[in-house]
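Here's a quick walk through a few local features, for anyone about to set up calculations on this one. Have the viewer open as you read.

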Amino acid sequence: MTTRSTGGARAATTQGDEVDRIVEAWITQRPDLDFSPLGVLSRVDRLSRHLDRARRDAFRRSDLEPWEWDVLSALRRAGEPFQLSPKQLLLQTLVSSGTMTNRIDRLVGRRLVRRESDPADGRSVLVTLTDEGRIRVDAAITRLVDAEAVLLESLSRADRDRLAALLRKLSLGFDAAGA
């Protein structure tokens with residue numbers, strides 16, 4: 001195979017992946033284009049699918065749906081007493097007000113959260129993680145971290161740190177552009 005840049009680490013390794021094969025075929029058909037973006041972002045897309053499966057499995061094994069995880073993990077990360085206002089939950093989960101109300105209702109029904117009056121403002125409520133919700137979210141995060149470690153086991157810690165730094169840089173670029 002050619003050593004033309006395909007957005008991968010082909011120069012460092014001799015092993016190619018499916019993206020290398022796809023990009024090489026495109027280079028043959030369209031040698032006028034730079035396929036390095038395809039080499040990077042096609043891998044990100046493929047890895048995203050693996051990550052999505054691992055996350056869904058970790059959540060399923062903790063009897064949680066991904067949307068439930070989003071809300072419960074926001075509450076757990078808030079620290080004691082594990083409560084946030086619905087507005088704070090909206091900001092952390094990026095869903096509409098109506099969607100959040102529905103999600104809170106469903107989580108209350110499963111006894112994973114409860115609504116409490118806000119002592120600072122009697123007209124407002126706080127959503128509080130129940131003991132059962134904390135047990136579920138703690139089990140899920142343990143399973144998730146374990147599953148994600150398996151996905152990254154072919155990388156050294158230094159490689160993971162470099163990859164995280166590069167992905168952070170890329171992500172910040174998207175965030176700055178409002179993407």
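Helix α7 gives the nonpolar surface patch its largest share, four residues. The patch covers about 550 Å² and is built from Val40, Leu41, Val44, Leu163, Leu167, Leu170 and Phe174. Two elements, α2 and α7 (157-177), each put in two or more residues. Keep in mind that this is a predicted model.

Now for α2. Val40 sits in this helix, and so does Arg43, with α2 running over residues 36-61. How buried or exposed is Val40? Val40 counts as partly exposed because its relative accessible area, 37%, falls between the 20% and 50% cut-offs. Arg43 has a relative accessible area of 17%, so it lands under the 20% cut-off and is buried.

What does the side chain of Arg43 reach? One partner is the backbone oxygen of Gly39, at 2.6 Å. Another is Asp17, whose side chain is joined to that of Arg43 by a polar contact of 2.8 Å. Here are the two distances in a table:

| From | To | Distance |
|---|---|---|
| Arg43 side chain | Gly39 backbone oxygen | 2.6 Å |
| Arg43 side chain | Asp17 side chain | 2.8 Å |

Over to the strands. β2 (residues 113-118) and β3 (residues 121-129) pair up antiparallel, with six bridges. They make a hairpin, and two residues lie between them. If you want a register check, Arg115 has Val127 in β3 as its bridge partner. In general, side chains in a regular strand alternate between the two faces of the sheet.

Technical notes
Residues are numbered from 1 along each chain as its sequence is written. This is a predicted model: local features need pLDDT of at least 70, side-chain atom pairs count only at pLDDT 80 or more; totals for chains, interfaces and linings use all residues. Side-chain values use heavy atoms; hydrogens and water are left out. Buried means under 20% relative accessible area, exposed over 50%, partly exposed in between (1.4 Å probe, protein chains only). A polar contact is a pair of N or O atoms within 3.5 Å; within protein, one must be able to donate a hydrogen and the other to accept it, and residues adjacent in sequence count only if both atoms are side-chain atoms. Two strands pair if DSSP finds at least two bridges between them. Patches are made of residues with over 30% relative accessible area and no salt bridge: like charges are joined within 9 Å, nonpolar side chains (Val, Leu, Ile, Met, Phe, Trp, Tyr) within 5 Å. Accessible areas come from the Shrake-Rupley method with a 1.4 Å probe; for residues, only the protein chains shown count as cover. A salt bridge is a side-chain nitrogen of Lys or Arg within 4 Å of a carboxyl oxygen of Asp or Glu.
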